Amino acid sequence: MSHPLFADDMKLTPYWWDDAPRPDLPHRPVPDKADVAIVGSGYTGLTAAIVLARAGRSVVVFDAEDAAWGCSARNGGQIGSGVKPGVDELTSRYGRATAHAMMNEGYASLDYVKRFITDEGIDCDLRTCGRFIGAHRPSRYEQLAADFEKVKNIVPLQWHMVPKSEMAKEIGTDAYHGGAVLPHHASLQPAKYANGLVELALKAGVEIHVRTPVIGLDRGSGGTVVVSSRGRTLAHDVIVATNGYTKGITPALQRRVIPIGSYMMATEPIPEDVMRRLYPHEHVTSDTRKVVYYYRPSPDHRRIVFGGRVALKETDPKVSGPRLHAVMTGLFPELAQTKISHTWMGLVAYTFDHLPHIGKRDGLWYAMGYCGSGVAWASYMGHKIGHKVLGDSEGGTSFDAIDFPTRPLYSGDPWFLSFAVAYYQAMDRWGP
Ligand SMILES: Cc1cc2nc3c(=O)[nH]c(=O)nc-3n(C[C@H](O)[C@H](O)[C@H](O)COP(=O)(O)OP(=O)(O)OC[C@H]3O[C@@H](n4cnc5c(N)ncnc54)[C@H](O)[C@@H]3O)c2cc1C
């Protein structure tokens, strides 16, 4: 399928992989035994693996595809600090203390990932660039300000509101009705970060078996036999770190996460003066929609990397690319002729309560359900689940207090997704 907006050499792989391809890890025999087996080699699995291997455990990680092939090497590289539900909603569900602790862990996750990358010297273009949140309707500007006021004494929030009249200082569009800047939010090159984690894990002694899907988990008294396409491994502990790619080998977890496609595209290089006008800073950007658009300049400040949900049902990146481009052009009309150099997608994991989850179920450890905000959350929860397996207090989190909900008749196929997306899009357009 060709399209006038596609560059001649357009790729269907993430833009990030040009500079940071999936590592070429050779196949070695799968071990008979390990202290800990981890299913999934994204940020969750690798961060947990590093904690465990550094504590002296023998750790084996399996991935059905290449290392960090899932969301972890495909995302927008935007690092935020929050949980999705607001403070009132959280307080009414879990009480004040737990609600406040959860919100503070959102901030802790941002600090955690920045500190970890800096301390470990991972070269992944980490920048505390700040975030601009655009108010897509006038009422949302007031709402944003009110939301921040409400939490300013609960979390260490820094922010300032930017009225429409001053918006050009932040971003070169007049499509928003003002917005807010959160200066401590950050960005990174996601595939470089993932590859940095792979390197640290290998250095710590972790075995990573790529293109080796786990096809069964047989629980027994001596541990769990991890049945993979290339052999059987008896593991004392198993961590499931499959997030949006969670399937039938863990049916109880599959029933608790909702896989949702998130779509991205990158532009061809944009002239320097245009980029300076559109992006006077390096902010990452998102908006006040429920079906959010998120975008940013590439780390070399030459392209725009633009993401969002542009289909009711899952679609082909060749279809999503031009649709994302149309949304981008709505914001930045002068990019109407700029071609698409890359278009891709990945599956994020939503949950029924819009919160991440961590714990142990049916004898298997898990951490997942980051609801599209997993750069900080997956790293933080991966660290936590590693410590939980070690049995030390560092593994404790306020998320231990909450159940991981599902819904009757839901088994992992989100048949309701199109309706939900249509509903939220309608709310974005016409709702309060
Ligand atoms: C397009 C897109 C944009 C995003 N943008 C952002 C953003 O800007 N900011 C942000 O914070 N978050 C963002 N996210 C979300 C974030 O990337 C994820 O939440 C995070 O990477 C999840 O990490 P993970 O390790 O839990 O899962 P993943 O990185 O998805 O890894 C799961 C792995 O499990 C493997 N697997 C599954 N089943 C098996 C099996 N049976 N055997 C072996 N292996 C298996 C898969 O192959 C996969 O590699 C985005 C996601 C997408 C898709």
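Leaving aside residues up to four places away in sequence, which residues does K169 touch?

1. The answer is P280 and H281, with neighbours up to four places away in sequence not counted. Keep in mind as you read that this is a predicted model. K169 sits in the loop between β6 (160–162) and β7 (179–182). Its relative accessibility is 54%, so K169 counts as exposed, the cut-off being over 50%. There is also a long-range pairing here: K169 and Y279 are 110 residues apart in sequence, yet their C-alpha atoms are 8.8 Å apart in space.

2. Next, have a look at helix α2, which covers residues 43–54 and has twelve residues. From first C-alpha to last it reaches 16 Å, close to the 16 Å expected at 1.5 Å a residue. Eleven of those twelve residues are buried, so α2 is largely enclosed by the rest of the structure. The buried set includes Y43, T44, G45 and L46 at the start of the list, and I50, V51, L52 and A53 further along. Just after α2 comes G56, with a positive phi of about 95°.

3. What does α2 pack against? One partner is helix α6 (residues 190–203): the two axes come within 9 Å and cross at roughly 25°. An angle under 35 degrees counts as roughly parallel, so that is how α2 lies relative to α6. The crossing of α2 past α6 is left-handed. On the α2 side the contact is made by Y43, L46, T47, I50 and R54, and on the α6 side by P190, Y193, A194, L197, V198, L200 and A201. Sorted by class, this contact has ten nonpolar residues, one polar and one charged. Several of the α2 contact residues also turn up among the buried ones, including Y43, L46, T47 and I50.

4. A helix pair with another geometry is α3 (residues 87–94) and α4 (residues 96–120). Their axes come within 7 Å and cross at roughly 135°, which makes α3 oblique to α4. Here the crossing is right-handed. V87, L90, T91 and Y94 of α3 meet R96, T98, A99, H100, M102 and M103 of α4. By class, the residues of this contact divide into six nonpolar, three polar and one charged.

5. Further along the chain is helix α10 (residues 374–390), with 17 residues. At 1.5 Å a residue it should span 24 Å, and its end C-alpha atoms are 23 Å apart, which agrees. This helix is mostly covered, with 16 of its 17 residues buried. After α10 comes G391, whose phi is positive, near 80°.

6. Two residues in the loops on either side of α10 deserve a look for their backbone. C371 lies in the loop between β19 (364–368) and α10, and has a positive phi of about 55° although it is not a glycine. L409 is in the loop between α10 and α11 (417–430), and its phi is also positive, near 70°, again in a residue other than glycine.

7. Are these two buried or exposed? C371 has 2% relative accessibility, so it counts as buried. L409, with a relative accessible area of 84%, is exposed.

Key
Residues numbered from 1 in each chain as written. Predicted model: local features only at pLDDT ≥ 70, side-chain atom pairs only at ≥ 80, totals over all residues. Heavy atoms only, no water. Helix = DSSP H or I, 4+ residues; strand = E, 2+ residues; numbered from the N terminus. Expected span 1.5 Å × (residues − 1). Buried < 20%, exposed > 50% of the residue type's maximum accessible area, 1.4 Å probe, protein only. Axes fitted to C-alpha atoms, helices over the stretch in contact; angles between N-to-C directions. Parallel < 35°, antiparallel > 145°, perpendicular 65-115°, else oblique. Left-handed = near helix turned anticlockwise from the far one by under 90°. Contact = heavy atoms within 4.5 Å. Nonpolar A, V, L, I, M, F, W, Y, C, P; charged D, E, K, R; others polar.
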